[in-house]
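Please examine the sequence and the three-dimensional structure shown below. The paragraphs that follow lead through selected features of the chain.

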Amino acid sequence: MKLLYHHRIASKDGQFVHVEELISALRSQGVEVVIVGPRGTGTAGFGGENRVVARLKKLLPDFCYELLEFGYALVAFVKLGRAVRQHRPDGIYERYNLFQPAGIWISKVYGLPLLSEVNAPLAEERARYSGLALVKLAAWSERYVWRNAAVVLPVTEVLAAKIRAAGVPRDRIRVVPNGVNALRYRTLPDPEEVKRTLGLSGRQVLGFTGFMREWHGLERVVELVARDTSGRRCALLVGDGPVRNSLERYAAHLGVSDRVRITGVVEHEKVSEFVAAFDVALQPSVVSYASPLKLFDYMAQGKAIVAPNTANIKEVLDDGVSAKLFAPEDPREFLIAAEELLEDPGARARLGDAARKVLWSKPYTWQENARRIQQLIEALLNATATAET
C-alpha cells in the first residue's frame, strides 16, 4: 500500500509528534508513505517553528493571515497533484487543518479515498482561544472537508459528536484515539534510579508533561508543593510554554522555587525518562474534545493519574479504577485528589497498574492506529473495485 500523508504543520511540537509516530508505525507495517507538507518542518529541532509563518501571524491582521492560509490551499493543491502523478498512491491521509480544502479537491480530481484525521474542531477552537476573523469561511471549509472525506477520524467520541452535528453520517466516522509507540515501552526504567539521576531521591514527585498554557492550571501544582511543610514534595514540569515565567514567579512568591523544576523543551523520545520519576502524574485540565498525548505516556509507565472527570477522559479511564478523577469546576478537588494519592502508595500502585493494563488491552498504540488505517483504506479500495465491476 502507498499513501500520501498531507499536513500543514509549520512548527515541530506535539502535533508533529503525532505525525511522526503515525508515519513511523505505518512504514513499520510495510506501507509506503509519501509526505506532502510545508518545507523544513521535519528538519527543525523539537519546539522549533517556521519563523516566516510566526512573523506573519504577529504582524498581519487576523483576516489577512487567514486569507493567506486559504490561499495556501492552491499551493497545496499543486504539490499534492504533483505527488499523485509521481507516486500513484492508493489513498490520501490528511491531518485536518482550517482553510485546507486542497486534499478534498485532489481526491475528487483523481478519484482517491481521503481519510481526514481530526484532532480538534478548529473553527470553534480558534474563535475561542486565538481569535478568528473569517468565521463563515472557516466554518464552510471545516464542513466541506468533513462532509467530503471518505472517512473522518476524530480522536474522541466527544469530537465525533461534533462531526455528526456538522452533517457527517455516522457510518463515515471512526474514532481513533492517540497512543504511544509500543516499542518505546517494552522495558521500563527503575523510578528510584531515575530519581537519583535527577537529584530527586527521597522526594515525592508531582509530574506534568507538555506545552504549558494558561488553561492547564499549573499554578495549582505549585500550590500543592507549597502546602507540604516537610519539604519532601516537589514538582517536575517537563516542557515549556507561555506560562513558564509566571509559574516560576509564583513558586518564588510561595517560597518553593527549589522544589519546582521546569525542564524546558525536551525531545519527545526522552520525555519518558522523566515520567519514570513521577509518583503522581497530573492532567490538571483538558479541552473537552482532546485526546491528550501525555495521558497515554503516563499510562504506559503505570503511573497513578489525576485528571478531570470529563467525558473525553472517561472514554479511556475509570474513576477509582484506573485513575483518580476530579470535578474540573472545583480546583479544591484537584488538590485533594493529588494529596490523597501522595499519602497512599498502595492506591498509587493499584491505579497505575490498572491504567497500564487498559493501555495494552485496547491497545492505545500508534501501531494499532496504523493497522486500522490500513484496513479502512483497503475496505474503501475494495468497495470501489466492487462498484466498478
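How many aromatic pairs does the count come to? In this predicted model, the count comes to 8 aromatic pairs. A pair of aromatic rings is described by the distance of the centres and the angle of the planes. One of the pairs is formed by Phe70 and Trp140, whose ring centres are 6.4 Å apart; because their planes stand at 70 degrees, the pair is edge-to-face. This pair connects distant parts of the chain, since Phe70 belongs to helix H3 and Trp140 to helix H6 (residues 135-148), with their positions 70 residues apart in sequence. Phe70 has a relative accessibility of 25% and therefore counts as partly exposed. Trp140 also counts as partly exposed, with a relative accessibility of 34%.

A further pair is that of Phe296 and Tyr364, which is tilted, with 5.2 Å from centre to centre and 45 degrees between the planes. Here too the pair links distant parts of the chain: Phe296 is in helix H12 (residues 293-300), whereas Tyr364 is in the loop between helix H15 (345-361) and helix H16 (366-388), 68 residues apart. Buried means under 20% relative accessible area. Phe296, at 1% relative accessibility, therefore counts as buried, and Tyr364 counts as buried because its relative accessibility is 6%.

Ring pairs also join Phe70, Trp140 and Tyr144 into a cluster. An aromatic ring takes part in another kind of arrangement at Phe334, where Arg220 lies over the face of the ring, at 5.0 Å from its centre.

Helix H3, which spans residues 62-87, also holds Leu68. Leu68 is partly exposed, because its relative accessibility is 46%. Together with Val52 and Leu56, Leu68 makes a nonpolar surface patch of about 260 Å².

The backbone deserves separate attention. Most residues other than glycine have a negative phi, and most peptide bonds are trans. Arg88 is not a glycine, yet its phi is positive, at about 50 degrees. Arg88 is placed in the loop between H3 and E3, and its relative accessible area of 59% is the reason why Arg88 is classed as exposed. Phe99 likewise has a positive phi, of about 60 degrees, although Phe99 is not a glycine. The loop between E3 and H4 contains Phe99. Is Phe99 buried or exposed? Phe99 counts as buried, because its relative accessibility is 1%. A cis peptide bond is present between Lys362 and Pro363, with omega at about -15 degrees. Pro363 is located in the loop between H15 and H16, the loop in which Tyr364 is also found.

The loop between strand E3 (91-95) and helix H4 (102-110) also contains Gln100. Gln100 has a relative accessibility of 2% and therefore counts as buried. Which residues are in contact with Gln100, leaving aside its neighbours within four places in sequence? With those neighbours set aside, Gln100 is in contact with His6, His7, Arg8, Glu94, Arg95 and Val145. Between Gln100 and Asp353, the separation is 253 residues in sequence and 42 Å in space, taken from C-alpha to C-alpha.

Definitions and conventions
Residues numbered from 1 in each chain as written. Predicted model: local features only at pLDDT ≥ 70, side-chain atom pairs only at ≥ 80, totals over all residues. Heavy atoms only, no water. Patch = residues over 30% accessible without salt bridge, like charges linked within 9 Å, V, L, I, M, F, W, Y side chains within 5 Å. Areas by Shrake-Rupley, 256 points an atom, 1.4 Å probe, with all protein chains shown as cover. Salt bridge = Lys/Arg side-chain N within 4 Å of Asp/Glu carboxyl O. Helix = DSSP H or I, 4+ residues; strand = E, 2+ residues; numbered from the N terminus. Buried < 20%, exposed > 50% of the residue type's maximum accessible area, 1.4 Å probe, protein only. Phe/Tyr/Trp six-rings, centres within 6.5 Å; stacked < 30°, edge-to-face > 60°. Lys NZ or Arg CZ within 6 Å of the ring centre and 35° of its normal. Contact = heavy atoms within 4.5 Å.
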